[in-house]
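Colleague: Before the description is accepted, I should like to know what entitles you to each of its terms. May we take them one at a time?

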2 protein chains.
Amino acid sequence: MSESEPKRSAAVGVRARARAELVAEITRSARTQLAEHGAAALSLRAVSRDLGMASSAIYRYFSSRDALLTALIIESYDSLGAACEAAEALVDRGDLLGRWRAVCHAARGWARANPHEYALIYGSPVPGYAAPDDTIDPATRVPVLLLALLADVAAQREERQVEPEPVSPLLATQLQAMRHVAEVDVDDRLLLEGVGAWTLLFGLLNFELFGQFANTFDDADELFGHQVDAAGTRLGLIPTD
Amino acid sequence: MSESEPKRSAAVGVRARARAELVAEITRSARTQLAEHGAAALSLRAVSRDLGMASSAIYRYFSSRDALLTALIIESYDSLGAACEAAEALVDRGDLLGRWRAVCHAARGWARANPHEYALIYGSPVPGYAAPDDTIDPATRVPVLLLALLADVAAQREERQVEPEPVSPLLATQLQAMRHVAEVDVDDRLLLEGVGAWTLLFGLLNFELFGQFANTFDDADELFGHQVDAAGTRLGLIPTD
DNA sequence: CGAAAGCGAGAGCAGTGCTCTCGTTTCGGA
DNA sequence: TCCGAAACGAGAGCACTGCTCTCGCTTTCG
């Protein structure tokens, strides 16, 4: 536990400290490269040149290019999640539609400001790439945020009677597992509507950022706002309360 | 295959014929590589080795790796479009929900059968890559198919009065441009609903194929069917007619 | 104090996209 | 029919990549 007798009390150890700093510097340089030229152009050698060290030295800190990419993926998920959470937290808790809108527009704002990071996490995965377990937690931040919102929707309209959606055993199990992730209680119907809204949100972002809207909705501001509001209506969110 | 017609042969030219064949062989080999290892692993040198020719010779037929990729993109769009069109054509014209379902499930079937091709056209684009004009036409096959479906929806329910959706001038212009692509007449409200359905469809496919549903909807069959039917309901499609 | 582990540099390997040159083959106009 | 021009394939070469291995040096720790 405690090293209570360091002769020369060198805190955490000069080597460990240097290591942490170098890991941070490497990811910082890599993040810059990612933002400027995209994940495909991320080069370990370019990072090493940027830091003035031999390319082989990078491997003391990241076992492979994929490992570095994984670190960037985690950072990106966290960055997006933080942006959405921050925007949503600013809205009055009772304004459910406002909270939904805030999440959507924050996600879009982040994606447009960081297109390469967005493509890294929501675009085509690298062929041989298997997402390590470290990535699934940050990846769930936005879904968890939406699940909490759904729970508040369910709570707010609890007096109204909703007839249950008939779902198959498999789908029911999957929905139950989804509830378990965020520890919320939402009926099947609303949960399915939420999955649809979540999917639509990132479908819109994919189309806009990956060029599928090109030549038609080059300016997707209003289309996005309309679709988000329509999805909000489907979730039972009403303008003011 | 008789070469006893010197005039015809001369007209086509042995060299032009060889060229066309080689272009076809190169794309065939490249398509195999793409299907097996993904776009990132597509190597001009590997293609040249596969065909038993020097790597530099490839450049007589494709000016760059990107040019080859563009050919594969066009092929993929056409393949997906053809699959959807074929499936949709099998359904009775009056069964609008059936046609919508057919398109969606055909798209999903194609995407799952050709995941790398799907990632190539609906995943993150190559950073410096600008889609040539040749690609936009094949890319519109599925949207055009859906627009035709929407037009039939509008025609079938023409008696029912729909109050117009208030849209801004910009959005109205964009929707008008969209109508122009497929030469159909669909009111703003239905058109917006159609864009949402189209976006949701590929949002679902992206999530499923790119791993966002992992650990939750590993088997997305029923979720997909449910979301597709829900979108169909929103479009005003009813089970049977 | 001395062995062990961590570290950085450099050389090297196999692979990539792409360019250039150099003979050869084919085409098309005179 | 002939001959210059264009198309072509092969090979060498350049600059770059991820990654491995070895070799000294330094920090750590028993």
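Modeller: A polar contact is a pair of N or O atoms within 3.5 Å; inside the protein, one of them must be able to donate a hydrogen and the other to accept it, and sequence-adjacent residues count only if both atoms are side-chain atoms. The model is a predicted one, in which local features need pLDDT of at least 70 and side-chain atom pairs count only at pLDDT 80 or more, while totals for chains, interfaces and linings use all residues. Residues are numbered from 1 along each chain as its sequence is written, chains are lettered from A and ligands numbered from 1 in the order in which they are written, and side-chain values use heavy atoms, with hydrogens and water left out.

Colleague: What makes the pairing of B:Arg60 with DNA strand D a polar contact?

Modeller: A polar side-chain atom of B:Arg60 is 2.6 Å from a base oxygen of DNA strand D, and this value is within 3.5 Å, so the pair qualifies. A:Arg45 also reaches a base of strand D, with a polar side-chain atom 2.4 Å from a nitrogen. At A:Arg65 a polar backbone atom is involved, 2.7 Å from a phosphate oxygen of strand D.

Colleague: How many residues surround DNA strand D, and what makes a residue near it?

Modeller: A residue is near a strand if one of its heavy atoms lies within 4 Å of it. For DNA strand D there are 23 surrounding residues, and the closest are A:Arg45, B:Arg19, B:Ser56, B:Arg60 and B:Tyr61. Of the strand D atoms within 4 Å of the protein, 51% belong to sugar or phosphate and the rest to bases.

Colleague: What is the make-up by class of the surface near DNA strand D?

Modeller: Ala, Val, Leu, Ile, Met, Phe, Trp, Tyr, Cys and Pro count as nonpolar, Asp, Glu, Lys and Arg as charged, and the others, including Gly, as polar. On that basis the surface near strand D has nine nonpolar, six polar and eight charged residues.

Colleague: Which residues are the closest to DNA strand C?

Modeller: They are A:Arg19, A:Arg60, A:Tyr61, B:Arg45 and B:Arg65, out of 23 residues that surround strand C. Sugar and phosphate make up 50% of the strand C atoms that come within 4 Å of the protein. Base oxygens of strand C lie 2.7 Å from a side-chain N or O atom of A:Ser56 and 2.8 Å from one of B:Arg15. A polar backbone atom of B:Leu42 is 3.4 Å from a phosphate oxygen of strand C, which is still within the 3.5 Å limit.

Colleague: Why is A:Ser48 called buried?

Modeller: Buried means under 20% relative accessible area, exposed over 50%, and partly exposed in between, with a 1.4 Å probe and protein chains only. A:Ser48 has 3% relative accessibility and therefore counts as buried. A:Ser48 belongs to helix α2 of chain A, where a helix is a DSSP run of H or I of at least four residues, a strand is a run of E of at least two, and both are numbered from the N terminus.

Colleague: Why are A:Arg99 and A:Arg179 also called buried?

Modeller: A:Arg99 has a relative accessible area of 2% and A:Arg179 one of 9%; both values are under 20%, so the term applies. Contact means heavy atoms within 4.5 Å. Not counting residues up to four places away in sequence, A:Arg99 touches A:Glu88, A:Val91, A:Asp92, A:Arg93, A:Leu149 and A:Asp152. The side chain of A:Arg179 makes a polar contact with that of A:Asp188, at 2.8 Å.

Colleague: Where is A:Glu88, and is this residue buried or exposed?

Modeller: A:Glu88 lies in helix α4 (residues 65-89) of chain A. With a relative accessible area of 5%, A:Glu88 is buried. Its contacts beyond four places in sequence include A:Arg93, A:Arg99 and A:Leu145.

Colleague: How do you know that the span of helix α12 of chain B agrees with expectation?

Modeller: The expected span is 1.5 Å times one less than the number of residues. For the 14 residues of α12 (residues 221-234) this gives 20 Å, and the end C-alpha atoms are 20 Å apart, so the two agree. Just after this helix, B:Gly236 takes a positive phi of about 85 degrees.
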